[in-house]
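Trainee: I am new to this structure. Please take me closely through one part, the place where two chains meet.

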Amino acid sequence: MNKNKHALYLMISMGLFFCAVYLLDAYGNHYYQRVSNLMMIYVILTVSLNLSNGIVGISSLGQIGFMSIGAYVSAILTLPPGLKEHWLTGLPHWMSTIQSGLFPAMILAGILAAAIAFLVGIVILRLQGVFAAVTTLGFLIIVKVVAENWMTVTRGGRGISSLPTYTNLWWTSAVAVITVYVVLRIIRSPYGRSMLAVREHDLAAQSIGINAPRIRLLAFVISAFFTAVAGALWANLIGVVSPGSFYLWLTLLIIIMMVVGGMGSVTGSVFSAIGFTILLELLRGFENKIAVYGISSIIFAIVFMLVIIFHPDGVMGDREFSWDWFKRITPLF
Amino acid sequence: MLEVTDLEVFYGNIQALHGISFKVEKGETVTIIGSNGAGKSTTLLAIAGLLKPQKGEIKYLDKHLDKLSAYQIVSMGISLCPEGRRIFTSLSVYENLLMGAVQRRDKKAVRDDIHWVVSLFPDLKDRLEQQGGTLSGGQQQMLAIGRALMSKPKLLILDEPSLGLSPMLVNQIFEVIAMLKNIGTTVLLVEQNARQALEIADRGYVIETGMITMEGPSSVLKNSDRVKSAYLGG
Amino acid sequence: MSHTAYFFQQFINALSLGSIYALVTIGLAMVFSILRLINFAHGDLMMIGSYSILMLWNAGVPVWMAILAGIVLCGIAGVIMERVCYRPLRGSAEMTTLLTSFAVVVLLENGVTLLFGPNTRPFRILNFTSPTFSIDSILISKIDVISVVLTLIILLLTTLFIKKTTIGISMRAVADDLTASHLVGIRLNRVIVSAFFIGSLFAGVAGLLWSARAGKLYPLMGFIPVVKAFVAAVIGGFGSIPGAVVGGYVLGFAEVFLVALLPPELQGYRDAFVFILLIFILLVRPQGILGAKTMQRRI
């Protein structure tokens, strides 16, 4: 009975969500569309990060490296052939004559990042927390250095511009919903229960026959896949990719979103990403008004430190949103 | 000198101590005996300020200890020689002893006291420059007691000093305790080795599953049937 | 230039760079061994030191005064950082403090950007990079001599401090066994504050040498050196000070000679190679090259 009710609520809210997407996509102004797109991209990034760092407890600081890979793959695939021949002289001939659409670019971006994540994962799964963290940070730096120096493929520090802006709200919101769905399914599968067990007690989980390293590797690879897809969406939203875009600030930003939402809570990540995107835009508006830049990063860093000191479990800990919460507020539910 | 009243300590949700009360008078040697996991070490860590009790009070020379940090408790003249020795394995024997006197400012007297400790434990004499971790178990125990003495404690607390040692070394350790007793040091001795502990102590307490179940002069405890059957092997 | 001369030129280069890495790594390792904290913001202390020196100098303070004041300011900044950002988190999980230090990096870098702008500034105090003498076509610049000599003096003093002073021995004791340190009455906060102060002074010196070497400074200048110092610490077996020094020099040499061997078109990738080296070492010898059991040593 309750289950049916919840399914109904879910369908209604999904319906409302996509109505909002339709209205915003068709009639919204450019600014709101852009912010909403970014919001959905941050949801994908944060939920993916939560899968690897929160749910299976891999200490990765390198996820934005996968985003960078995804963004560059998509940029290279979707750049118009004329510009490719001109700028990216290192590409093989067949690649510089084709121009891919967003969907194949996204998928290829995700698969390539997942393959790299597989290799990186084999290394870091053998390391303890802080060592894994710094190693993945090293990975992030490697990705940036390659993007800055591989002139004939990435155009170096100047970045690749004039990308077709294929990304729209339908794409970003659909991918966001799929990401949330996939990660929730993973958590609720028997596999997922063992993942939580892995996070709590690695050794204990192994002793009851859960193959901890394999599960963690799988989570890391899936997380990299969606992170790279978000990178592809980002590239074709902004229209420019450059090495500096995918570095420390974005890394910290998604960590903040994850920690404040609650490490281990998917719905917490969703709400947190939405909230922080709005906060970020408000602060940016404020910065533009007073023409002093950088305040938003400072405020974000301070908010993060306060949360970690006074409320280290974040807003939702590792609990998930439940319709039952409304029961307390109104008897209608 | 030390008075513990209704002490309760929890580890998370698990209650380790269910209201422990005992006292140690100045100049006395008091022993607490009990089996593994009865709550002996927990009691001592609470006195030393490493665990915060949820209930009860610890009074020492009429002052409350419960709110003080570990280093403040040391500076008041309490020194705990912990279970498992816990010497600094990467420091030399000499440095270990220096760390025992870390709060003292009388550098010269500290050097004299190191000589005194070495005279108590002649085994350490030629090993002052050796790393603590390279000592044998018995030598480590001597170093641990020596380090605890370096702060010139008014109250010396020893947690299982004979654990894992050969009978000969156990005797040596107890001889030193007897000597400390003779020069007037107040000693609280926690032991599984009830026979020797009761031999040396003036009074004793028996602790079982976080509670004091018996107390009295050592001579009485030694002859009680319950202590005999449970701790003295019949 | 002959082959031998070229080799010696690179050797001096490596010695000079390795000295800077050693200085940064000591501070990182000191704090890590006591608190199990990887302080990414340690690199920003380099940046704070360099900016302070430059700003004081620009304001007309005599050069040596500016340098001294900048380095002391750096030490104070480190102590404040501990008090404000890390002390409230005492006892938290390692990852929590690591993420916090990451936030401190972003905070400080944006703060400095806000105050002094994002741009690279020239740092040409004392003409540090001018060659002072040359032997057989090998040019030795002031900065190389200063880096090596200064670092050797600092290393000597540090060794004395760690071996002979009460607070130095206490630091080693705390790194060895935290509980026992409490029981003998070591005041943990004093030890931690000292470690931050000393490590930050060294970071200040390293910052001065680093910007003098590069002839410039910018808000993000400390980040790559600190992550590299982590690599050096791993090479040396984390947590020990001699290990940190050896690791720093090994990294300096590895980097300089790697770059010398690489064809020019690949030289931009040097940082990438350094981190590939890190991954390789961690795979083959996770306990570091020197460390035997230091990794297991926990406080």
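Trainee: How much area do chain A and chain C bury between them, and what percentage of it is on carbon and sulfur atoms?

Mentor: First, the ground rules. The model is predicted, so local features need pLDDT of at least 70 and side-chain atom pairs need 80 or more, while totals for chains, interfaces and linings use all residues. Residues are numbered from 1 along each chain as written, chains are lettered from A and ligands numbered from 1 in written order, and side-chain values use heavy atoms, without hydrogens and water.

Now the interface. Chain A gives 39 residues to the contact and chain C gives 40; contact means heavy atoms within 4.5 Å. Together they bury about 3500 Å², with 86% of it on carbon and sulfur atoms (accessible area, 1.4 Å probe, that two parts lose on being put together, summed over both). On the chain A side, the residues that lose the most area to chain C are Val130(A), Phe131(A) and Val134(A), together 18% of what that side buries.

Next, the charges. There are 0 salt bridges between chain A and chain C (a Lys or Arg side-chain nitrogen within 4 Å of an Asp or Glu carboxyl oxygen). The rule finds 3 residue pairs in polar contact there, both residues at pLDDT 80 or more (N or O atoms within 3.5 Å; within protein, one able to donate a hydrogen and the other to accept it, with sequence-adjacent residues counted only if both atoms are side-chain atoms). Three helices of chain A each supply at least two residues to this side: H7 (129-149), H13 (248-261) and H15 (295-310) (helices are DSSP runs of H or I with at least four residues, strands E runs of at least two, numbered from the N terminus). H7(A) gives the largest share, 13 residues. By class, the chain A side has 29 nonpolar, 9 polar and 1 charged (Ala, Val, Leu, Ile, Met, Phe, Trp, Tyr, Cys and Pro are nonpolar; Asp, Glu, Lys and Arg are charged; the others, Gly among them, are polar).

Set chain B against chain C beside that. Here 21 residues of chain B touch 18 residues of chain C. They bury about 1800 Å², 63% of it on carbon and sulfur atoms. Tyr71(B), Phe88(B) and Met99(B) supply 29% of the area chain B buries there, more than any other three residues. This interface has 2 salt bridges. One of them joins Asp177(C) to Arg86(B), with the closest N and O atoms 3.0 Å apart. The rule also finds 6 residue pairs in polar contact between chain B and chain C, both residues at pLDDT 80 or more. On the chain B side, helix H2 (70-75) and helix H3 (93-100) are the elements that give two or more residues. H3(B) gives 4, the largest share. By class, that side has 12 nonpolar, 4 polar and 5 charged residues.

Last, the interior. The largest nonpolar core has 210 residues, and Ile160(A) and Phe40(C) have the most contacts inside it (a core is buried Ala, Val, Leu, Ile, Met, Phe, Trp, Tyr and Cys residues joined through side-chain atoms within 4.5 Å; buried means under 20% relative accessible area, exposed over 50%, partly exposed in between, with a 1.4 Å probe and protein chains only). A second, separate core of 44 residues includes Phe174(B) and Val187(B). Beyond its neighbours within four places in sequence, Ile160(A) touches residues including Tyr72(A), Trp87(A) and Val240(A).
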